[in-house]
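Please look through the structure below with these notes beside you, taking the points one at a time. They are written for someone who is still learning to read a protein model.

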Amino acid sequence: MLDILRRIVQEVSSATDLSDALKVVVARIREAMHTEVCSVYLYDPESKRYVLMATEGLNQDAVGKVSLMSSQGLVGLVGTREEPLNIDNAPAHPRFQFLPETGEDPFLSFLGVPIIHHKRLMGVMVVQQRDSRQFDESEEAFLVTMSAQLAGVIAHAEATGNILHLPTEANEKKKSAKFGGAPGAPGVGLGEAVVITPAADLGSVVDRIPDSIAEEIERFDIALDAARNEIRKLGGQLRGELRPEEMALFDVYLNMLDDNALGAEVKTAIHKGNWAQGALRSVVMEYVGHFQLMEDAYLRERATDIMDLGTRILAHLEGAEIETNEDDYPANTILVSEELTPAMLGEVPTSKLRGLVSVKGSSNSHVAILARAMGIPTVMGVVDVPYAQLQGMELIVDGYRGLIFSNPGEELREQYQAIFEEELALTADLEGLRGLPAETLDGHRMPLWVNTGLITDALRSLDRGAEGVGLYRTEVPFMMKDRFPSESEQQKTYREQLETFSPALVTMRTLDIGGDKSLTYFPINEANPFLGWRGIRVTLDHPEIFLVQVRAMMKASEGLNNLRIMLPMVSNVTEVDEALHLIYRAHVETLEEGFDVEMPEIGVMIEVPAAVYQIRELAQRVDFLSVGSNDLTQYLLAVDRNNPRVADLYQAFHPAVLHALKLIVDGAHAENKPVSVCGELAGNPMGAVLLMAMGYDVLSMNSTNLPKVKSVIRGISREWADNLLAEVLTMESGQVIASTIQLVLEKAGFGRIIGPLSKG
């Protein structure tokens, strides 16, 4: 059956439209299962009817004409129950509905399975036979498998408007479709899809013995130089939007194109007897294959960088025209690609760019980092979207929740347009809050800090009234290089951050790699990276890396003394003891080198459930604690927040999460130690209200959300927040809690503030 299944899937995938795909499905399943009838009924949610849209064995004249109400017949029963129905005497079943137009009266055996895509019922697939028998388990399993495959095909057709028009629909109306991914950069974008595809196809290049190796080397050198110039030009077009630290991404590209790197290996392949194109393909594909096999998401994305460079070189080798100009892009461009790269981003005038959509990649990819720095709404890793067919289509990008909508209806378009306009108006309105403190109506002061990683983040944070840095992600500078940065390079980077915020405190997290973050020059290849070698576990195993970084931090703080050091992913007190020993050693070494620096405050991040239950023991060893609510929620709920297939299970307001947060702050305060939150929950006005009521001393967030949180805090009393917390802590559902908080804040007049974070 497996071979048959593969052949059917391949044939269905190559079908030109949904009509052809359905015809293939019913014909091949009927043949494979040796049944007399195979039919597909599609469900129309507007009319709540199942319409016969393809059949082999029933009357073809009934296709597109015969339909059943959702409560009618065995088909309706399968859809209602959302599980297979396998019976040997269909006419005797109390739910049987005879449809004379189909000519199905002689068929007794019936097997129906629902067609479901991401929890949404899309139709029912049915096989029938004259003989009275129940289909066996393997036949039922085969049909269930085919229905799952067909669900994806139907979803693709919906996204492109290539859906069969059901009789109850207006034929001219295109269906809207929603696809989920991972949030790459916050915001809402509405516009027209522009699909970028590679200028050349490396996979189609064949090997060929060259007439002259010298000529092939010369051709390759010319193409390589042209690719370098292209990257420099694309980077230059973004220079006005990015700081030097972000521009370093384009230096990474240029380093790959160096004569001693990719170029040298291609020339070696040419000397072995392959023409330039073939040599380029063999080298690039070897690199790509190597990286794509890696479990780590960041390393897999480096394969994207290499493939992008390889196709650009190939385009120049083949003489392809790859120049673009501003007229190629509409005024409201939503850039779409299978794998977006920084170089692709540079091809579009930033004044026209409204959003980014990448089928592959994560929130830690290079292009997502740049998108956040530039403030472009972005969705990464979009599941099941037929990106190649989106060209010219109207799209909505929801960078808050990682969603895109194709062919949005008028109501949906108006809703998101309102959110977009609210964001613009809100930004202007909140500008006046910059110099005001986050203080409740009854005088409770709530310090608001920011999370940073790029110097651009720091500058935006100051513009929005940040009072300090609760989390500086030191891994970002590491990720932008092709080697470990030296102590002096790190010192320079850290000094810039510390000076920018001085005299306010800056909390620098020591190198936090592993999980969904890794370094190309320090690969961590694990079957389950989120439960593997990451955070403090890595740096304690490599004290030479840890000591260099801590010394660089301390040296950078000389004369400023606004540094705090924070340890990530701590799961036991032994890790803290070992890290403290190294930090004290680094301080002594720094003093011995002649630097006059104070011993900074040391803190730990509470991200692992084990740390929650040792909160007092941890607090006794350090100066402060900070909760990484993103990872803590992920580990408490066993949900990968970057996986769009389970994204709806990631609930920041889950009762277990809220009770854990309360346990943490109570334990820290019992030891007289301050505790903050630096995860996304702190930047959500609804979450900030609860955290303030719990007693957290500092909230640290993305700079974009800081004015919104401040506005809400200044509009309520601490007593009001305490009463809300007491109410929600008695609730048993995260969804109910979130809805309750949203409703209460809307009634209090904060609908505009929380709208962009909760609507859509």
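The points below deal with two helices, the nonpolar cores, some ring pairs, two charges over rings and one aspartate.

1. Please keep in mind from the start that this is a predicted model, and that the residue numbers begin at 1 along each chain as its sequence is written.

2. I would begin with helix α24, which covers residues 685-694 and has 10 of its 10 residues buried, so the helix is largely enclosed by the rest of the structure. The buried residues include P685, M686 and G687, and among them are also L690, L691 and M694.

3. The two ends of this helix deserve a look as well. At the N-terminal end of α24, N684 acts as a cap, with a side-chain oxygen 2.9 Å from the backbone nitrogen of M686. Just after α24 comes G695, which takes a positive phi of about 110 degrees.

4. Which residues touch the most other members of the largest nonpolar core? In this core of 90 residues, they are I606, L625, L661, Y696 and L699. Leaving aside neighbours within four places in sequence, Y696 is in contact with several residues, including M446, V627, L661, I664 and L691. Another core lies apart from this one and has 28 residues, among them V26, L42, I115 and L150.

5. Helix α21, residues 629-637, is mostly covered, since eight of its nine residues are buried. Those buried residues are S629, N630, D631, L632, T633, Q634, Y635 and L637. They pack against strands β19 (601-606), β20 (624-627) and β21 (675-677), and also against helices α19 (609-612), α22 (655-670) and α23 (680-683). Just after α21, A638 takes a positive phi of about 55 degrees.

6. The count of aromatic pairs comes to three. In one of them, the rings of F405 and Y416 have their centres 5.5 Å apart and their planes at 50 degrees, and because planes over 60 degrees apart would count as edge-to-face and planes under 30 as stacked, this pair is tilted. The pair links distant parts of the chain, with F405 in strand β14 (residues 403-406) and Y416 in helix α12 (residues 410-430), 11 residues apart. Both F405 and Y416 are buried.

7. Y472 and Y494 form an aromatic pair that is edge-to-face, with 6.2 Å from centre to centre and 85 degrees between the planes. Y472 lies in strand β16 (residues 469-473) and Y494 in helix α15 (residues 487-501), so the pair ties together parts that are 22 residues apart in sequence. Y472 is buried, and Y494 is buried too.

8. Rings also take part in arrangements with charged side chains. The charged end of R208 sits over the ring of W275, 4.0 Å from the ring centre, while the charged end of R564 sits over the ring of F624, 3.6 Å from the centre of that ring.

9. Is D398 buried or exposed? This residue, which has its place in strand β13 (residues 394-398), counts as buried because its relative accessibility is 1% and the cut-off for buried is under 20%. The side chain of D398 makes a polar contact with the side chain of R401 at 3.2 Å, and the D398 side chain makes another with the side chain of Y416 at 2.7 Å. Y416 is therefore worth finding in the model twice, as it is also a member of the tilted pair with F405.

Terms used: This is a predicted model: local features need pLDDT of at least 70, side-chain atom pairs count only at pLDDT 80 or more; totals for chains, interfaces and linings use all residues. Side-chain values use heavy atoms; hydrogens and water are left out. Buried means under 20% relative accessible area, exposed over 50%, partly exposed in between (1.4 Å probe, protein chains only). Helices (H or I, at least four residues) and strands (E, at least two) are DSSP runs, numbered from the N terminus. A polar contact is a pair of N or O atoms within 3.5 Å; within protein, one must be able to donate a hydrogen and the other to accept it, and residues adjacent in sequence count only if both atoms are side-chain atoms. A nonpolar core is a set of buried Ala, Val, Leu, Ile, Met, Phe, Trp, Tyr and Cys residues joined through side-chain atoms within 4.5 Å. Contact means heavy atoms within 4.5 Å. Rings of Phe, Tyr and Trp (its six-membered ring) pair if their centres lie within 6.5 Å; planes under 30 degrees apart count as stacked, over 60 as edge-to-face and the rest as tilted. A charge sits over a ring if NZ of Lys or CZ of Arg is within 6 Å of the ring centre and within 35 degrees of the ring normal.
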